[in-house]
Amino acid sequence: TNLIGMENIEAQLNVVLDTIGVPHIVLPRYNVSIHNHYSTYYNDTLRLKVETMYASDIAEFGFSFDAP
């Protein structure tokens, strides 16, 4: 099973399209806004809570809390 993440949906979708012999596409971007790096929204307490509650998702999808 292949899961496609929103973080790099276009690149992952094009891998699937390669597999089925369909030309690559460029996805349009709508409603784009500028935000701080996601890690700036977490303090140590919240980060630990999220890491604990979503430990299986973080491991399964290879997520990590990266510094900005």
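**Figure 1. The salt bridge of the predicted model.** The structure, a predicted model, holds 1 salt bridge. The partners are E51 and R47, whose side chains meet at 3.2 Å, taken from N to O. Both residues belong to helix α2, where they lie 4 residues apart, about one turn of the helix. E51 has a relative accessible area of 30% and is therefore partly exposed. R47 is likewise partly exposed, because its relative accessible area is 34%.

**Figure 2. L46 and a nonpolar surface patch.** Helix α2 also contains L46. With 37% relative accessibility, L46 counts as partly exposed, since this class lies between the limits of 20% for buried and 50% for exposed residues. Together with Y38, Y41 and Y42, L46 makes a nonpolar patch on the surface, with an area of about 370 Å². A further view relates L46 to T19: the two are 27 residues apart along the chain, and their C-alpha atoms are separated by 40 Å.

**Figure 3. The backbone at N31.** N31 is placed in the loop that runs between α1 (9–20) and α2 (44–53). Most residues other than glycine have a negative phi. N31 is not a glycine, yet its phi is positive, at about 55°. Is N31 buried or exposed? Its relative accessibility is 78%, so N31 counts as exposed.

**Figure 4. The largest pocket.** Empty space can be found by rolling a probe the size of a water molecule over the atoms. The largest pocket encloses about 360 Å³ of space. Its lining is made up of M6, E7, I9, E10, L27, P28, R29, H35, N36, H37 and Y38. By class, these lining residues comprise 5 nonpolar, 3 polar and 3 charged.

**Figure 5. The second largest pocket.** How much space lies in the second largest pocket? The value is about 240 Å³. The residues that line this pocket are E7, Y38, Y42, V50, Y54, D57, I58, G62, F63, S64, F65 and D66. In this lining, 7 residues are nonpolar, 2 are polar and 3 are charged. E7 and Y38 appear in the lining of the largest pocket and also in that of the second largest pocket. Y38 and Y42, which both line the second largest pocket, are also among the residues of the nonpolar surface patch.

Note on methods
Residues numbered from 1 in each chain as written. Predicted model: local features only at pLDDT ≥ 70, side-chain atom pairs only at ≥ 80, totals over all residues. Heavy atoms only, no water. 1 Å grid on protein atoms, 1.4 Å probe; cavity = no way out; pocket = protein on both sides within 12 Å on 5 of 7 lines; lining within 4 Å. Points joined across faces, edges and corners; volume = space filled by probe spheres on them. Nonpolar A, V, L, I, M, F, W, Y, C, P; charged D, E, K, R; others polar. Helix = DSSP H or I, 4+ residues; strand = E, 2+ residues; numbered from the N terminus. Buried < 20%, exposed > 50% of the residue type's maximum accessible area, 1.4 Å probe, protein only. Patch = residues over 30% accessible without salt bridge, like charges linked within 9 Å, V, L, I, M, F, W, Y side chains within 5 Å. Areas by Shrake-Rupley, 256 points an atom, 1.4 Å probe, with all protein chains shown as cover. Salt bridge = Lys/Arg side-chain N within 4 Å of Asp/Glu carboxyl O.
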